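Reader: I am new to this structure and would like a close look at a single part of it, the aromatic pairs. Please take me through them slowly and then set them against the chain as a whole.

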Amino acid sequence: MKQSEEKPSWARRIIDLYVDGFRNMTVGKTLWAVIIVKLILIFALLKLFFFPNFLSTNFSDDAERAEYVRGVLSSDDGE
């Protein structure tokens, strides 16, 4: 090794390892695309079915929503 050549830092070597690995993938790129699409669908379905917008469906205006939230936050038992 010459005096003017510097050894890359450990962080740079790790980044280069992953970048080079993803660049040379063939089937892996398709698998990663499938995984990402599945995750997006799963989270969209979870939000849609398990986390409905409670305040907009049960109260008609902002004043009612605000009053309900204040009441829940100020109550001792949380219900």
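Author: In this predicted model, the structure holds four aromatic pairs. One of them is formed by Phe-22 and Trp-32, whose rings meet edge-to-face, with 6.2 Å from centre to centre and 65° between the planes. This pair links distant parts of the chain, since Phe-22 belongs to helix α1 (residues 10-23) while Trp-32 belongs to helix α2 (residues 27-50), and the two are ten residues apart. Phe-22 has a relative accessibility of 38% and therefore counts as partly exposed, and Trp-32, with a relative accessible area of 42%, is likewise partly exposed.

Another of the pairs joins Phe-59 and Tyr-68, and here the arrangement is tilted, with 5.0 Å from centre to centre and 35° between the planes. Phe-59 is buried, because its relative accessible area is 18% and the cut-off for buried is under 20%, whereas Tyr-68, at 35%, is partly exposed. These two residues also belong with Phe-54, as Phe-54, Phe-59 and Tyr-68 form one aromatic cluster.

As for the chain as a whole, its secondary structure comes to four helices and zero strands, which read along the sequence as the pattern α-α-α-α. Buried residues make up 3% of the 79 residues in the protein chain, and Phe-59 is one of the buried residues. The protein chain exposes about 7,600 Å², of which carbon and sulfur atoms supply 65%.

Key: Residues are numbered from 1 along each chain as its sequence is written. This is a predicted model: local features need pLDDT of at least 70, side-chain atom pairs count only at pLDDT 80 or more; totals for chains, interfaces and linings use all residues. Side-chain values use heavy atoms; hydrogens and water are left out. Rings of Phe, Tyr and Trp (its six-membered ring) pair if their centres lie within 6.5 Å; planes under 30 degrees apart count as stacked, over 60 as edge-to-face and the rest as tilted. Buried means under 20% relative accessible area, exposed over 50%, partly exposed in between (1.4 Å probe, protein chains only). Accessible areas come from the Shrake-Rupley method with a 1.4 Å probe; for residues, only the protein chains shown count as cover.
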